[in-house]
Amino acid sequence: NIVTPQDVIKQSGADILRLWVASADYAEDLRLGKEILKTNVEAYRKLRNTMRYILGALEGLKDWEHVHHKDMPELERYILHRLHEVDAQVQAAYEVFDYKRLFAVLSNFMTQDLSAFYFDIRKDALYCDPWSSNKRRSCRSVLEQLFHCLTTWWAPILTFTMEEVWLSRFGGEGSSVHLMQFAKTPDEWNQPEIAAKWEMIRNVRRAVTGALELERAEKLIGSSLEAAPTVYVDLDAKDVAALKGCDFAEVCITSDIAIEVGHGPESAFRLEDLKNVAVVSAKAEGQKCARSWKISKDIGKDAEFPDITPRDAEAVHESQKRFGKYPA
């Protein structure tokens with residue numbers, strides 16, 4: 001009833017074995033079997049896909065694109081705040097050789113804060129905003145910080161994978177992630193007020209996401225961009241103002257959204273742990289943009305591009321000026 005390291009390395013690679021060692025609680029008897037390895041392979045797949053996404057989104061990054069922290073949208077400053085929090089937890093875990101805690105902190109950050117939240121929201125801006133837009137440049141600036149932090153923090157554990165990721169951007173003789181110091185985050189990124197506001201926004205977003213999943217399961221909608229729900233919130237005035245002050249449709253990845261104050265109808269969708277938020281589903285009105293797939297009543301306002309929104313038309317015009325034509 002033995003699993004040998006050589007067999008694990010042959011079948012899954014050395015980094016899977018290293019990840020298992022890091023995630024195991026060495027204060028107890030260590031267990032290793034097919035199901036445990038399967039769990040580690042899945043965790044590795046998710047974090048590798050996260051790094052692939054970051055690499056792809058940073059392709060062609062230029063120095064002029066970088067945006068200073070104070071000039072970024074709030075969502076970017078919130079993610080940098082979270083990165084600052086994770087930094088402190090990573091340093092503390094390494095200090096006492098608590099690799100299990102390190103694995104949990106980094107994995108949860110990459111799957112919950114990045115893949116399931118930030119990347120999900122910002123993919124529209126990355127793919128569809130004009131090249132020079134502040135939102136797109138701010139996102140790429142944040143991704144640059146994420147790249148340096150995640151590669152150096154993971155490098156002692158996922159030695160081969162992080163070296164591969166690093167050399168994908170900074171190849172050449174003498175280049176190695178293992179010659180780098182741990183990335184550190186400046187104190188100016190610590191903004192608890194913004195963090196509290198966005199934690200509330202994320203909480204309300206959970207209710208909208210739950211309602212959309214139900215609609216999708218019943219085949220009433222295909223994509224979330226086909227929806228334009230109304231969200232009833234029984235929150236204090238400050239939280240209501242925060243929801244109305246952000247682009248909540250963008251946060252929820254819908255084509256439109258309405259925020260109303262009140263309990264909402266009894267038939268509305270509610271989460272068991274979030275009774276003060278109710279969601280009434282509705283389909284978005286308008287035409288589907290051929291570029292961003294958002295449904296809008298503004299399609300065709302630019303006569304040169306009759307099948308896309310004004311935002312997308314602006315992006316295409318800018319691309320044509322840069323490249324002579326819009327790249328396929």
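Glu-74 is partly exposed, with a relative accessible area of 26%. That residue is a handy way into this predicted model, since it sits in helix α4, residues 74–95, and reaches over to residues far along the chain: Glu-74 and Ala-195 are 121 residues apart in sequence, yet their C-alphas are 9.3 Å apart in space. Below, we go from Glu-74 and its helix to a four-stranded sheet, then to two buried residues, Glu-144 and Ser-296.

**Glu-74 and helix α4**

- Not counting residues up to four places away in sequence, Glu-74 touches Ile-194, Lys-197 and Trp-198.
- With one of these, Lys-197, there's a polar contact between side chains, at 2.8 Å.
- Helix α4 itself runs for 22 residues and spans 32 Å from first C-alpha to last, close to the 32 Å you'd expect at 1.5 Å a residue.
- After α4 comes Phe-97, and its phi is positive, near 60°.

**The open sheet and helix α8**

- Four strands make up an open sheet, in the order β2-β1-β4-β3, and the pairing is mixed.
- β2 (258–261) and β3 (269–271) are the edge strands; each has a single partner strand, so one side of each is left without a neighbour in the sheet.
- On average, neighbouring strands here are turned by 25° against each other, direction ignored.
- β3 and β4 (residues 274–280) run antiparallel and are joined by 2 bridges.
- Across that pair, Leu-271 stands opposite Leu-274 in β4.
- Helix α8, residues 192–217, packs on the sheet and touches β1 (230–233), β3 and β4. Its direction makes about 45° with that of β4.

**Glu-144 in helix α6**

- Glu-144 belongs to helix α6, residues 134–154.
- Its relative accessibility is 12%, so it counts as buried, the cut-off being under 20%.
- Leaving out neighbours within four places in sequence, Glu-144 is in contact with Leu-58, Leu-61, His-66 and Arg-169.

**Ser-296 in strand β6**

- Ser-296 is part of strand β6, which covers residues 295–296.
- At 16% relative accessibility, Ser-296 counts as buried too.
- A polar atom of the Ser-296 side chain lies 2.9 Å from the backbone nitrogen of Asp-298.
- Setting aside neighbours within four places in sequence, the contacts of Ser-296 are Glu-285, Gly-286, Gln-287 and Thr-309.

Notes:
Residues numbered from 1 in each chain as written. Predicted model: local features only at pLDDT ≥ 70, side-chain atom pairs only at ≥ 80, totals over all residues. Heavy atoms only, no water. Buried < 20%, exposed > 50% of the residue type's maximum accessible area, 1.4 Å probe, protein only. Contact = heavy atoms within 4.5 Å. Polar contact = N/O pair within 3.5 Å; in protein donor to acceptor, adjacent residues only side chain to side chain. Expected span 1.5 Å × (residues − 1). Pairing = 2+ DSSP bridges. Axes fitted to C-alpha atoms, helices over the stretch in contact; angles between N-to-C directions.
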